[in-house]
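The questions below ask why certain labels apply in this structure, and each answer sets a computed value against the rule behind the label.

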Amino acid sequence: MVTIEPDVPTVAKQPAPVDAPEAYRQGDVLLVRERDGFSLPESVRLVERDDAGRIVLAFGEATGHAHAVVDPDANLFEAQLGFRYLVVGGDGVDLLHEEHAPIRLRPGCYRVHRQREYRYTAWGQATGESQWISD
């Protein structure tokens, strides 16, 4: 019996540029690692953990699920204009969510972004309205 392999084109995997930021996405949360030597702005405040001891990066209003870190080797800070930074120490931490695989974060400082959904008219013009994506 002769096996004939399908004619499937191969896709060359291209390495990321050397200066590309390290980024992780879990649902509607994006973490971008700041470069080594980054200093937090002076005006930051420590964000308290919830009653379960978690650092909640985003909370799903519909499901009650949360993108969260439970490890004590992390702290969340909020700066002016709502910028948030997750500072990870020790050997790293896991970003957890009930509907996603955990993501291991190595030590460093990560800028926390939440995905937004923008509204457009039927003609493709932005209405200026937006809302957080619900995960």
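Q: What makes the pairing of Arg-33 with Asp-36 a salt bridge?
A: In this predicted model, the closest N and O atoms of Arg-33 and Asp-36 are 3.2 Å apart. The rule asks for a side-chain nitrogen of Lys or Arg within 4 Å of a carboxyl oxygen of Asp or Glu, so the label applies. Side chains of opposite charge can pair when their charged atoms come close.

Q: Is Arg-33 buried or exposed, and how do you know?
A: Arg-33 has a relative accessibility of 12%, and since buried means under 20%, the residue counts as buried. Its salt-bridge partner Asp-36, at 66% relative accessibility, counts as exposed, because the cut-off for that class is over 50%.

Q: Which residue is the bridge partner of Arg-33 in strand 10?
A: The bridge partner of Arg-33 there is Tyr-110. Strand 2 and strand 10 (residues 108-114) pair in the antiparallel sense over 5 bridges, and Val-29 stands opposite Arg-114 in strand 10.

Q: Why is strand 2 described as largely enclosed by the rest of the structure?
A: The description follows because 4 of the 5 residues of strand 2 (residues 29-33) are buried.

Q: What makes strand 1 and strand 2 a pair, and how are they connected?
A: Two strands pair if at least two bridges are found between them, so the label is earned by strand 1 (residues 23-26) and strand 2, which are joined in the antiparallel sense over 4 bridges. Ala-23 stands opposite Val-32 in strand 2. The two strands form a hairpin with 2 residues between them, and in the turn Gly-27 has a positive phi of about 65 degrees.

Q: Why are strand 1 and strand 3 called edge strands?
A: The open sheet consists of 6 strands in the order 1-2-10-7-6-3, with antiparallel pairing. Strand 1 and strand 3 (45-47) each pair on one side only, and they are the edge strands. Neighbouring strands of this sheet are turned by 30 degrees against each other on average, direction ignored.

Q: What does the salt bridge between Arg-45 and Glu-78 tie together, and why?
A: The closest N and O atoms of Arg-45 and Glu-78 are 3.0 Å apart. Arg-45 lies in strand 3 and Glu-78 in strand 6, so the pair ties together parts that are 33 residues apart in sequence. Arg-45 has 46% relative accessibility and counts as partly exposed, as does Glu-78 with a relative accessible area of 23%.

Q: How do you know that the side chains of Arg-104 and Asp-94 meet in a salt bridge?
A: The N to O distance is 3.4 Å, and the rule requires within 4 Å, so the pair qualifies. Asp-94 also has Arg-104 as its bridge partner in strand 9, where strand 8 (residues 93-97) and strand 9 (residues 100-105) run antiparallel and are joined by 4 bridges.

Q: Why does His-67 count as buried?
A: His-67 has a relative accessible area of 1%, and the class requires under 20%, so the residue is buried. Its place is in strand 5 (residues 66-69), and a polar contact of 2.9 Å joins the side chains of His-67 and Gln-26.

Q: What makes the phi of Leu-81 noteworthy?
A: Phi of Leu-81 is near 65 degrees, a positive value in a residue other than glycine. Most residues other than glycine have a negative phi. Leu-81 is found in the loop between strand 6 (74-78) and strand 7 (84-88), and at 80% relative accessibility Leu-81 counts as exposed.

Technical notes:
Residues numbered from 1 in each chain as written. Predicted model: local features only at pLDDT ≥ 70, side-chain atom pairs only at ≥ 80, totals over all residues. Heavy atoms only, no water. Buried < 20%, exposed > 50% of the residue type's maximum accessible area, 1.4 Å probe, protein only. Axes fitted to C-alpha atoms, helices over the stretch in contact; angles between N-to-C directions. Polar contact = N/O pair within 3.5 Å; in protein donor to acceptor, adjacent residues only side chain to side chain.
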